[in-house]
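Me: I'd like to go through this model with you, one question at a time. Could you walk me through the reasoning as well as the answers?

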Amino acid sequence: MNTCKVFPEWLYDYIFVQLGAKERPDPNEFKLNLESGVDKNIDYLGTYFPRSYAESFCIHQNLFSYKPYKERLDSKTSLRILTFGCGTGGDVTGLICAIAMILPNIQDLDVVAFDGNNLALDHLSDILELSPLKKRFNIKIRCVPMPIKSMQDFNHYTSHLGNGYDIILSFKFVNELMQMGIFGRDGFKVLAERLAPLLAPEGLMTLLDVRAEYCGEWQPKNLNKGISDYCKENDYGTLLPIPCHFCDSRCRSDKCFTDKKFYGSFTANDQVTYRVVGHREFVNTLYPVFNSKVTYIRNKDMASDPCPMTRGRDVKDAYDINN
């Protein structure tokens, strides 16, 4: 699986030359994201946009290259996309660049972008308007401000999202709401309950977050437990990581630690954890019979921490659907 993406020259020129953005990481910045002004949003573009861009591009490059899924997408000319908690839009920009590279039949993109900061949404809109992507696609983007300061706000905004999405993204959003005290430890399940039902029958949702701690527990463990519980209780299944597709119904571990690291061309990257889910009937059609001869490695430590549900001689990356 490719885990490195060179930042496009046109994006570098816009963000770092025209806007003068710098990489200035601040681990507590999420607490102020809703109130971030012009300078802070430019810092965010220079620090976190490239990371989400590389992560989203590499994840979707891997997915779109998988023949059974690509064949479904090759029959389409348009895609409906929701990005929830998108910030300045690194996730959806990386996604669209992957679509441009691998899916030549897609011409129309209907993008709905939700975030609590108007200036961040303005940057996303400007990037998609100014970019070469505008020449490749007919992009219709609707940016919706949604300042979430309570569960009441969350419930209100998620009741007005529409449905029928081919792709849903939510990158590094749940951790922010958990650290702010809006979500509890079940935050990933709560988000899945709201977003997964909005998928089209053959749609997929990528839920990604950072490798951070919350109340003494690692977020990768919270994500895996929350999404596993949601899928077991509803008619949804996991596409990635691979063992979570085949073993989720019989896996009893709520301490599973999965993570992946992606690399940009000039910026540091977070170690992240993610799940790709969809309607169970659909994801079941995308996979062949489970290969019991493979041990799947679920995080960056590779062979030192295999999925305990897999015990084969061959060792493969749990996130690489083409391996």
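Reply: Sure, here are some questions and answers on this predicted model.

Me: Let's begin with T206. Is T206 buried or exposed?

Reply: T206 sits in strand β6, which spans residues 199-210. Its relative accessibility is 2%, and the cut-off for buried is under 20%. So T206 counts as buried.

Me: Which residues does T206 contact, leaving aside neighbours within four places in sequence?

Reply: T206 is in strand β6. Its contacts fall into a few stretches of sequence, going by the numbering: I59 and H60, then I168, L169, S170 and F171, and finally Y274, R275 and V276.

Me: Which element gives the largest share of the lining of the second largest cavity?

Reply: The whole structure has 2 cavities of 30 Å³ or more, and the second largest has a volume of about 30 Å³. Its lining consists of H60, L63, F64, Y69, I167, L204 and T206. The elements giving two or more residues to that lining are α3 (49-64) and β6. The largest share, 3 residues, comes from α3.

Me: How many charged residues are in that lining of the second largest cavity?

Reply: The lining is made up of H60, L63, F64, Y69, I167, L204 and T206. By class, 5 of these are nonpolar and 2 are polar. The number of charged residues there is none: no charged residues.

Me: On to the cores. How many residues are in the second, separate core?

Reply: The largest nonpolar core has 61 residues, and I15, F64, Y69, I81, I99, L109 and L239 have the most contacts inside it. The second core is separate and includes V144, I182, I227 and C231. Its size is 35 residues.

Me: Which residues does I99 touch, not counting those up to four places away in sequence?

Reply: I99 is among the residues with the most contacts inside the largest nonpolar core. Its list holds F64, L79, I81, I106, L109, R136 and F137.

Me: Why are the buried residues of α1 on the same side of the helix?

Reply: In helix α1 (residues 9-18), L11, Y14, I15 and F16 are buried. An α-helix has 3.6 residues a turn, so residues three or four places apart point the same way. On the other side of α1, E9, V17 and Q18 are exposed. The buried residues are on the same side because they cover an arc of only 155 degrees around the axis.

Me: How far apart in space are D153 and I182, C-alpha to C-alpha?

Reply: D153 is in helix α8 (residues 151-158), and I182 belongs to the second, separate core. The two are 29 residues apart in sequence. In space, C-alpha to C-alpha, the distance is 9.8 Å.

Me: What about the backbone: which two residues does a cis peptide bond join?

Reply: Omega is about 0 degrees at this bond. P241 lies in the loop between β9 (236-240) and α12 (242-247). The cis bond joins L240 and P241.

Me: K172 and C215 both interest me. Is C215 buried or exposed?

Reply: Phi is positive in K172, near 60 degrees, and in C215, near 50 degrees. K172, in the loop between β5 (165-171) and α9 (174-179), counts as buried at 13% relative accessibility. C215 is in the loop between β7 (213-214) and β8 (217-218). With a relative accessible area of 60%, C215 is exposed.

Methods: Residues numbered from 1 in each chain as written. Predicted model: local features only at pLDDT ≥ 70, side-chain atom pairs only at ≥ 80, totals over all residues. Heavy atoms only, no water. Helix = DSSP H or I, 4+ residues; strand = E, 2+ residues; numbered from the N terminus. Buried < 20%, exposed > 50% of the residue type's maximum accessible area, 1.4 Å probe, protein only. Contact = heavy atoms within 4.5 Å. Core = buried A, V, L, I, M, F, W, Y, C linked by side-chain atoms within 4.5 Å. 1 Å grid on protein atoms, 1.4 Å probe; cavity = no way out; pocket = protein on both sides within 12 Å on 5 of 7 lines; lining within 4 Å. Points joined across faces, edges and corners; volume = space filled by probe spheres on them. Nonpolar A, V, L, I, M, F, W, Y, C, P; charged D, E, K, R; others polar. Arc of directions from axis to C-beta.
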